[in-house]
Amino acid sequence: MKTVLYIHGFNGSPNGSTGSFIKQFFANDNVIAPQLDLIDFEGTIAALKKILAENEVNIVIGQSFGAFYAFVLNSDKQFQIVTNPCMYPSKEIPKLSDVSLGEEWIKKFAKEESKVYKNISGQLAQSTFGIFGDKDELFSYKSTFKKIYDNLNKENTILVEGNHSLSNASLQKGFSAAIKYLNEYLV
């Protein structure tokens, strides 16, 4: 049995459509899906590190803004699956929020962005899989992801049909490919 940590997206919920799909897809595993205030960087990182310290998490799944937090955890101890990852929240989240986040918030996230994608080891790149919707209306970081997390040995991305919020059929296709990759990666 695996332990899966799911990090929802901006204004999301662990019980939203992606969270519900993940709980069904990993029905025979232990899924930890906390409600997080992703705008609070320090609080979210502290909560996630506590979960990782208290559980033997095998897979971290991040959706959109939640994927950024998976990247910040930056651990090759867990396999990471990111769906439509928001790799640069300092640029994207202010466009999506009807509340002004302020210059300090943008600077804080820009600082984290400048650190998180440096020195990505081959091991970390190999343990990260990206799922991307082909018609994502919010943003697409597929080429950026491939540049940073490129695995020269095996394809670690999949392009599925869908917008930013993927259908269950597209999630099924993406997660099936991710688990197939994981099983090959662990061999």
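This passage describes the sheet, the helix packing and the empty spaces of a predicted model.

The sheet comes first. Six strands make up an open sheet. Their order is 2-1-3-4-5-6, and the pairing is parallel. Strands of a sheet pair through backbone hydrogen bonds, in either a parallel or an antiparallel manner. The edges are taken by strand 2 (30–32) and strand 6 (157–160). Each of these two has a single partner strand, so one side of each is left without a neighbour in the sheet. From one strand to the next, the twist averages 15°. Strand 1 (residues 3–7) and strand 2 run parallel and are joined by three bridges. Leu-5 has Ile-32 of strand 2 as its bridge partner.

Helices lie across this sheet. Helix 2 (residues 41–54) lies across strand 1, strand 2 and strand 3 (59–63). Its direction is at about 175° to strand 1. Helix 7 (residues 142–149) lies across strand 4 (79–83), strand 5 (128–133) and strand 6. The angle of helix 7 to strand 5 is about 170°.

Helix 2 also packs with another helix. Two packed helices are described by the angle between their axes and by the distance between the axes. For helix 2 and helix 3 (residues 65–73), the angle is about 65° and the axes are 11 Å apart. The crossing of helix 2 past helix 3 is right-handed. On the side of helix 2, the contact is made by Phe-41, Thr-44, Ile-45, Leu-48, Lys-49 and Leu-52. Helix 3 contributes Phe-68, Tyr-69, Val-72 and Leu-73. By class, eight residues of this contact are nonpolar, one is polar and one is charged.

Leu-52 links several of these elements. Leu-52 is placed in helix 2. With neighbours within four places in sequence left aside, Leu-52 is in contact with Leu-5, Val-57, Val-60, Leu-73 and Gln-78. Among these, Leu-73 belongs to the helix 3 side of the helix contact. Ser-165 stands 113 residues from Leu-52 along the chain. The C-alpha atoms of Leu-52 and Ser-165 are separated by 27 Å.

Empty space was examined next. Rolling a probe the size of a water molecule over the atoms shows where such space is left. The structure holds one cavity of 30 Å³ or more. The largest cavity has a volume of about 40 Å³. Leu-52 is one of its lining residues, together with Val-60, Ala-70, Leu-73, Ser-75, Gln-78 and Gln-80. Four residues of this cavity lining are nonpolar, three are polar and none is charged.

The largest pocket has a volume of about 260 Å³. Its lining has 17 residues. Those closest to the pocket centre are Gly-9, Phe-10, Gly-12, Gln-63 and His-164. Helix 1 (residues 17–25) gives the most to the lining of the largest pocket, with three residues. By class, this pocket lining has 13 polar and four nonpolar residues. No charged residue lines the largest pocket.

Key: Residues are numbered from 1 along each chain as its sequence is written. This is a predicted model: local features need pLDDT of at least 70, side-chain atom pairs count only at pLDDT 80 or more; totals for chains, interfaces and linings use all residues. Side-chain values use heavy atoms; hydrogens and water are left out. Axes are lines fitted to C-alpha atoms, for helices over the stretch in contact, and angles run from 0 to 180 degrees between N-to-C directions. Helices (H or I, at least four residues) and strands (E, at least two) are DSSP runs, numbered from the N terminus. A crossing is left-handed if the near helix is turned anticlockwise from the far one by less than a right angle, and right-handed if clockwise. Contact means heavy atoms within 4.5 Å. Ala, Val, Leu, Ile, Met, Phe, Trp, Tyr, Cys and Pro count as nonpolar, Asp, Glu, Lys and Arg as charged, and the others, Gly among them, as polar. Two strands pair if DSSP finds at least two bridges between them. On a 1 Å grid over the protein atoms alone, a cavity is a set of points where a 1.4 Å probe fits but cannot get out, and a pocket is an open set with protein on both sides within 12 Å along at least five of seven lines; lining residues have an atom within 4 Å of a point. Grid points are joined across faces, edges and corners, and a volume is the space filled by probe spheres set on the points.
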